[in-house]
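Keep the sequence and the model side by side for this walk-through. We begin at one residue and widen the view from there.

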Amino acid sequence: MAGLFEFIFLSLTLALSLGVSLGITVPLTGALVRLRANYNPKALQLDPEGNVNVHTGPIVTSFFGMLRRVYRIEGWAGLFKGLMPTATASVIMTGFAVAALDSKRLAHGRVDPPDVGVIATLVYGIFGMLVALPAAIITYRAIVTPYRLPWFAPIYSLRILLTPTERRRPWVLYLTPGLLAAQVIHIAYVVIFLRSLRKLLLAHGFSSYKFGVYLAIEMLSTAITCPIEVMTTKLAIQRNHSTSEYNSVEQEVEDDAVEAPEYAEYSGQEEDVIGLRHERDPYLGFVDCAKRIIDEEGWQTLYRAWWVTLLAAVASATAAATEYQDSVFIPN
């Protein structure tokens, strides 16, 4: 009987913790994704037919400015866009971590790959990425879509977020131009370089000097990881069509018998929170994405909300230092 009460108490505690965490992180993540996804070219662009394309995004340069804009246009519902896919992915990944990793790996609220060498860790990270990539695509698209998405109607929401091509062939999500490459490069840099450097500096005799060096490298790595994160966001919301002339929303209404009023935007306002790149002129790959962002929007776009990446790097370095300090100073 005591075991049953402990299980119930643990379940309630985890549910409460997850609820509080999502209540804080979902609005902040939504603002970050929108800020980085916003398409705001420096000059007027031409569409594939050679016509002037004047559909550009609003000029929002700050994270908190985007947060205020989302609330002004879409209200509280807009701030919590992406809640259900985020919650679902969190539950699945938490269950996977608990089942696959021992309790030591859950210390300090972090889940690290198994400490079994660089190559094995890299393989583990790539496997986790392959599992999480579709969830990230759905979450990012749920955040940036201007349409209402019911929380408890996943089939309906997927009909809006995914094109018929993606629904018929889900593996096409992995073939999104440049997205898989961006994820692999990011994981390779973090796992091979930063994790190996962490072991080299902190695992064998922890000291404040070594930690300072590692922290500085983590912070400088923002110059590399932030552009990859921005490109990942822009590539994840780029939908895959069977032909370049395929307009997904219009086709959805025709093929799936979803009536147009159900696609109404928030509050009846004609203003979009952000502007998105025309689907008929997609990024063709990782390098093409970087080049077009620099040419069309400026290199500064690659460093939108760079300070968020910097704070994450500092938090990661601090958690690693705490872990290695605990391994060194073991009480008798």
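Start at Trp307, which is partly exposed, with a relative accessible area of 33%. This is a predicted model, and the values below are computed from it.

Which residue pairs its ring with that of Trp307? The partner is Phe63. The two ring centres lie 5.6 Å apart and the planes stand at 90°, so the pair is edge-to-face. It links distant parts of the chain. Phe63 belongs to helix α2 (residues 63–79), while Trp307 belongs to helix α12 (residues 306–328). In sequence they are 244 residues apart.

Phe63 has a second ring partner, Phe64. That pair is edge-to-face too, at 5.1 Å centre to centre with 90° between the planes. Are the two phenylalanines buried or exposed? Phe63 has 8% relative accessibility, so it counts as buried, the cut-off being under 20%. Phe64 reaches 48% and counts as partly exposed. Ring pairs thus join Phe63, Phe64 and Trp307 into a cluster. The structure holds six aromatic pairs. An aromatic ring also has a charged neighbour elsewhere: Arg277 lies over the face of Tyr283, at 4.6 Å from the ring centre.

Now step back to the whole fold. The protein has 12 helices and two strands. Reading from the N terminus, the order is α-β-β-α-α-α-α-α-α-α-α-α-α-α. There are 332 residues, and 40% of them are buried. Among contacts with a separation of 6 or more, 76% join residues 24 or more positions apart. The exposed surface comes to about 18,000 Å², with carbon and sulfur atoms supplying 68% of it.

Next, look at a pair of packed helices. Two packed helices are described by the angle between their axes and the distance between the axes. Here the pair is helix α7 (residues 179–203) and helix α8 (residues 208–220). Their axes come within 9 Å and cross at roughly 170°. Angles over 145 degrees count as roughly antiparallel, and α7 and α8 are therefore roughly antiparallel to each other. Which residues make the contact? On the α7 side they are Phe193, Leu194, Leu197, Arg198, Leu201 and Leu202. On the α8 side they are Lys210, Phe211, Val213, Tyr214, Ile217 and Glu218.

Move on to helix α9 (residues 222–236), where Thr233 is found. Is Thr233 buried or exposed? Its relative accessibility is 4%, so Thr233 counts as buried. Leaving out residues up to four places away in sequence, Thr233 touches Val33, Arg36, Ala37 and Tyr140.

Another buried threonine is Thr301, at 5% relative accessibility. Thr301 sits in the loop between α11 (286–297) and α12. Apart from neighbours within four places in sequence, Thr301 is in contact with Val230, Lys234 and Ile293. Thr301 and Val230 are 71 residues apart along the chain, yet their C-alpha atoms are separated by 7.9 Å.

The loop between α11 and α12 also contains Ala305. What is the backbone phi of Ala305? It is positive, about 55°, although Ala305 is not a glycine. Most residues other than glycine have a negative phi. Ala305 has 8% relative accessibility, so this alanine counts as buried.

Follow the chain into helix α12 and you reach Ala315. Ala315 is partly exposed, with 48% relative accessibility. Its C-alpha atom is 9.6 Å from that of Leu215. Along the chain, Ala315 and Leu215 are 100 residues apart.

Finish at helix α6 (residues 164–168), which includes Glu166. Is Glu166 buried or exposed? At 1% relative accessibility, Glu166 counts as buried. Which residues does Glu166 touch, not counting residues up to four places away in sequence? They are Arg141, Leu161, Val172, Leu173, Arg239 and Asn240. One of these contacts, Arg239, is 73 residues from Glu166 along the chain. The C-alpha atoms of Glu166 and Arg239 are separated by 8.2 Å.

Note on methods:
Residues are numbered from 1 along each chain as its sequence is written. This is a predicted model: local features need pLDDT of at least 70, side-chain atom pairs count only at pLDDT 80 or more; totals for chains, interfaces and linings use all residues. Side-chain values use heavy atoms; hydrogens and water are left out. Helices (H or I, at least four residues) and strands (E, at least two) are DSSP runs, numbered from the N terminus. Buried means under 20% relative accessible area, exposed over 50%, partly exposed in between (1.4 Å probe, protein chains only). Contact means heavy atoms within 4.5 Å. Accessible areas come from the Shrake-Rupley method with a 1.4 Å probe; for residues, only the protein chains shown count as cover. Rings of Phe, Tyr and Trp (its six-membered ring) pair if their centres lie within 6.5 Å; planes under 30 degrees apart count as stacked, over 60 as edge-to-face and the rest as tilted. A charge sits over a ring if NZ of Lys or CZ of Arg is within 6 Å of the ring centre and within 35 degrees of the ring normal. Axes are lines fitted to C-alpha atoms, for helices over the stretch in contact, and angles run from 0 to 180 degrees between N-to-C directions. Angles under 35 degrees count as roughly parallel, over 145 as roughly antiparallel, 65 to 115 as roughly perpendicular and the rest as oblique.
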